[in-house]
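Reader: I've got a fold open on my screen and I'd like to learn how to read it. Could you walk me through it, feature by feature?

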Amino acid sequence: MAELVPGLGVGPAGFAAANLLRLSTQIPRKQDFAVPMRAPTDLGSLHFVSRNSRTGRVKAGLRPREVALLEVLSRWEDVVEEPSPAAEKILQHLLRTGTLDAKRLAAASVTEPEDVKTRLAELLTTADRPDLADLVARPQELVAS
């Protein structure tokens with residue numbers, strides 16, 4: 001996959017993202033990948049989803065697992081099989097241990113949809129990173145500045 005879409009800000013989407021983060025046991029027939037550009041043509045079992053407006057993912061240098069988190073936050077009800085409290089504990093652990101880089105995620109949030117920003121800020125707060133939750137850009141704060 002790295003040969004087709006090289007660079008930062010690329011990662012799994014949909015059930016592939018939830019599976020990578022251990023929030024789902026679903027293994028999709030086609031692997032979805034979010035790319036921060038115009039999506040290339042699908043290839044075999046690889047399906048590419050364009051996230052060209054989410055340039056913060058590239059600027060923040062997100063790795064695939066971090067992209068997976070943002071993708072899961074955007075489709076939580078559709079792809080997470082674990083009960084919400086258990087899923088949140090898994091993600092909190094990944095943030096606390098540094099498996100997911102909280103600073104990069106907060107920096108990347110600037111170009112994410114409002115619902116993702118809200119969920120990310122809540123997750124960072126419960127993962128003992130309220131300092132970074134405060135940095136997550138929210139539209140109402142941008143208007144006030």
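Reader: Let's start with the largest pocket. Which residues line the largest pocket?

Author: Keep in mind that this is a predicted model. In it, the lining of the largest pocket is made of Leu73, Trp76, Ser84, Glu88, Leu91, Gln92, Arg119, Glu122, Leu123 and Thr126. Two elements, α5 (84–96) and α7 (114–126), each give two or more residues to that lining.

Reader: And how much space lies in the largest pocket?

Author: About 160 Å³. As for the chemistry of the lining, four residues are nonpolar, three are polar and three are charged.

Reader: Leu73 is on that list. Where else does Leu73 turn up?

Author: Leu73 is one of the buried residues of helix α3. That helix covers residues 64–74 and is mostly covered, with eight of its eleven residues buried. Along with Leu73, the buried set holds Glu66, Val67, Ala68, Leu69, Leu70, Glu71 and Val72. Notice that Glu66 and Glu71 are in there too.

Reader: Let me zoom out. How many helices and strands are in the chain?

Author: There are nine helices and three strands. Reading from the N terminus, the elements go β-α-β-β-α-α-α-α-α-α-α-α. Of the 145 residues, 43% count as buried. There's also a number for how the chain folds back on itself: take the contacts between residues at least 6 apart in sequence, and 59% of them join residues at least 24 apart.

Reader: Now the strands. How do I read a sheet?

Author: The general idea is that strands of a sheet pair through backbone hydrogen bonds, either parallel or antiparallel. Here you have an open sheet of three strands in the order β1-β2-β3, and the pairing is mixed. The edge strands, β1 (11–12) and β3 (46–50), each pair on one side only.

Reader: Which strands run parallel, and which antiparallel?

Author: Strand β2 (residues 31–35) and β3 run parallel, joined by five bridges. In contrast, β1 and β2 run antiparallel, with two bridges between them. If you want landmarks, find glutamine 31, which stands opposite leucine 46 in β3. On the other pairing, glycine 11 has alanine 34 in β2 as its bridge partner.

Reader: Tell me about glycine 11, then. Is glycine 11 buried or exposed?

Author: Glycine 11, which sits in strand β1, counts as buried because its relative accessibility is 0%. Leaving out residues up to four places away in sequence, glycine 11 touches Asp32, Phe33, Ala34, Pro64 and Val67. You can also check a longer link: glycine 11 and valine 49 are 38 residues apart along the chain, and their C-alpha atoms are separated by 10.0 Å.

Reader: Phe33 is an aromatic. How do I describe a pair of rings?

Author: A pair of aromatic rings is described by the distance of the centres and the angle of the planes. This structure holds one aromatic pair. Phenylalanine 33 and phenylalanine 48 form it, at 6.5 Å centre to centre with 35 degrees between the planes, and the pair is tilted. The two residues are 15 apart, with phenylalanine 33 in strand β2 and phenylalanine 48 in strand β3. Both phenylalanine 33 and phenylalanine 48 are buried.

Reader: What about a charged residue in a loop? Where does glutamate 112 lie?

Author: Glutamate 112 lies in the loop between α6 (102–108) and α7. A residue is buried when its relative accessible area is under 20%, so glutamate 112, at 4%, counts as buried. Its contacts, not counting residues up to four places away in sequence, are Arg54, Arg57, Leu70 and Lys117.

Reader: Can we finish with a contrast? How accessible is asparagine 19?

Author: Asparagine 19 has a relative accessible area of 26%, so it is partly exposed. Look for asparagine 19 in helix α1 (residues 14–20). Not counting residues up to four places away in sequence, asparagine 19 touches Ser24, Thr25, Gln26 and Ile27. For a longer link, try glutamate 81: asparagine 19 and glutamate 81 are 62 residues apart in sequence and 9.5 Å apart in space, C-alpha to C-alpha.

Terms used:
Residues are numbered from 1 along each chain as its sequence is written. This is a predicted model: local features need pLDDT of at least 70, side-chain atom pairs count only at pLDDT 80 or more; totals for chains, interfaces and linings use all residues. Side-chain values use heavy atoms; hydrogens and water are left out. Two strands pair if DSSP finds at least two bridges between them. Helices (H or I, at least four residues) and strands (E, at least two) are DSSP runs, numbered from the N terminus. On a 1 Å grid over the protein atoms alone, a cavity is a set of points where a 1.4 Å probe fits but cannot get out, and a pocket is an open set with protein on both sides within 12 Å along at least five of seven lines; lining residues have an atom within 4 Å of a point. Grid points are joined across faces, edges and corners, and a volume is the space filled by probe spheres set on the points. Ala, Val, Leu, Ile, Met, Phe, Trp, Tyr, Cys and Pro count as nonpolar, Asp, Glu, Lys and Arg as charged, and the others, Gly among them, as polar. Rings of Phe, Tyr and Trp (its six-membered ring) pair if their centres lie within 6.5 Å; planes under 30 degrees apart count as stacked, over 60 as edge-to-face and the rest as tilted. Buried means under 20% relative accessible area, exposed over 50%, partly exposed in between (1.4 Å probe, protein chains only). Contact means heavy atoms within 4.5 Å.
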